[in-house]
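Here's a quick walk through one model, looking at charged pairs, aromatic pairs and a few odd backbone spots. Have a look at it first, then read on.

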Amino acid sequence: MKIIASIVALLALSASARAVQPNPFSGFEQNANINYLRPFARDLGGLLGASTVDGGRTYGFPGFWVGGDAVLQTRPDSQDLIMRDAGVHSIAMPMIQAGVGLPFHTDLIVHGVGAYGASVLGGGLRTSLYRTGMLDSFLPNVSVSAFGDKINAGAFNGVHGAADADATWNLPIIKPFVEAGYDLTKITVGAAQVPGLAGVSATADGARLAAGVDLTPFPLVDLRAAYVDLHGLPGFQLGLGVTF
């Protein structure tokens, strides 16, 4: 019953993320301009990158994590007039994720979502640089990861890459963690009102920082909450999963 309750809460989490902003991409075709593409790509990349925020301790073979998360960026970049001119005040992105522990302290992770008329599909690998045991649990677990995503939204397509480094303390019940990440995002215009803009691409990068906690209030249930700095803009991430 606890697992069922967790899945129900996860569905509510994804729905609430979408409710914060009905469609942050709705104004792309009308507002796209050559000067606005890079800020838009940076905002998009930050959202996709923040969905990879994790406590950082590898699952261990044959461990797994299945669930989802929601990322909220409290406002678009000041130069992202594609979103701002469409009346977007905050940006939320849900994501469904599944990961499995492989030998050699490595995790394989896939994630994706269909939301706001867009589809996202991606995944990556996380590997442990140091994973604590019973005798050294006071030391941090350290891992690095790399992710890639593709997004198709009709008016634009995009590819996103992320690299992350994590440190977490595997304490009972509450596990604090910190993460530093880097995003590289390329978008290509599919449709725009500006003549000649279709087919034009723009690339933007941005750094992320996160600090949060993993909670295990019940066996097999993992609740994650983090504050995220998305290229200088505040945001939050909330995740809920079933883990072993």
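A salt bridge here is a side-chain nitrogen of Lys or Arg within 4 Å of a carboxyl oxygen of Asp or Glu. Before using that, some housekeeping: this is a predicted model, so local features need pLDDT of at least 70 and side-chain atom pairs count only at pLDDT 80 or more, while totals for chains, interfaces and linings use all residues. Residues are numbered from 1 along each chain as its sequence is written, and side-chain values use heavy atoms, with hydrogens and water left out.

**Charged pairs**

Searching the whole structure turns up seven salt bridges. Three of them are worth a table, with the N to O distance for each.

| Pair | N to O distance |
|---|---|
| Arginine 126 and aspartate 54 | 4.0 Å |
| Aspartate 54 and arginine 224 | 3.5 Å |
| Arginine 126 and aspartate 107 | 3.6 Å |

Helices (H or I, at least four residues) and strands (E, at least two) are DSSP runs, numbered from the N terminus. With that naming, arginine 126 sits in strand β4 (residues 118–130) and aspartate 54 in the loop between α3 and β1, so their salt bridge ties together parts 72 residues apart in sequence. Aspartate 54 also forms a salt bridge with arginine 224, and that pair links distant parts of the chain, since arginine 224 is in strand β9, 170 residues apart from its partner. Arginine 126, for its part, also meets aspartate 107; this pair links β4 to strand β3 (residues 106–115), 19 residues apart. Put the shared partners together and Asp54, Asp107, Arg126, Asp222 and Arg224 join into one network.

Are these charged side chains buried or exposed? Buried means under 20% relative accessible area, exposed over 50%, and partly exposed in between (1.4 Å probe, protein chains only). Arginine 126 is buried at 1% relative accessibility, and aspartate 54 is buried with a relative accessible area of 5%. Arginine 224 is buried, and so is aspartate 107.

**Helix α3 and the aromatics**

Helix α3 covers residues 37–50, and its 14 residues reach 20 Å from first C-alpha to last, close to the 20 Å expected (1.5 Å times one less than the number of residues). The helix is mostly covered, with 13 of its 14 residues buried.

Rings of Phe, Tyr and Trp (its six-membered ring) pair if their centres lie within 6.5 Å; planes under 30 degrees apart count as stacked, over 60 as edge-to-face and the rest as tilted. The structure holds eight such aromatic pairs. In one of them, phenylalanine 25 and phenylalanine 40 sit edge-to-face, at 6.2 Å centre to centre and 70° between the planes. Phenylalanine 25 is in the loop between α1 (2–20) and α2 (28–31) and phenylalanine 40 in α3, so this pair ties together parts 15 residues apart in sequence. Both phenylalanine 25 and phenylalanine 40 are buried.

Phenylalanine 28 and phenylalanine 156 form a tilted pair, 4.8 Å centre to centre with 40° between the planes. This one links helix α2 to strand β6 (residues 156–169), 128 residues apart. Phenylalanine 28 has a relative accessible area of 0%, and phenylalanine 156 also comes out at 0%. Phe25, Phe28, Phe40, Tyr116 and Phe156 form one aromatic cluster.

**Backbone oddities**

Most residues other than glycine have a negative phi, and most peptide bonds are trans. Phenylalanine 61 and proline 62 are joined by a cis peptide bond, with omega about 0°; proline 62 is in the loop between α3 and β1 (64–73). Isoleucine 173 has a positive phi, near 70°. Isoleucine 173 lies in the loop between β6 and β7 (174–189) and is exposed, with a relative accessible area of 54%. Histidine 231 has a positive phi too, near 40°, in the loop between β9 (221–230) and β10 (233–243).
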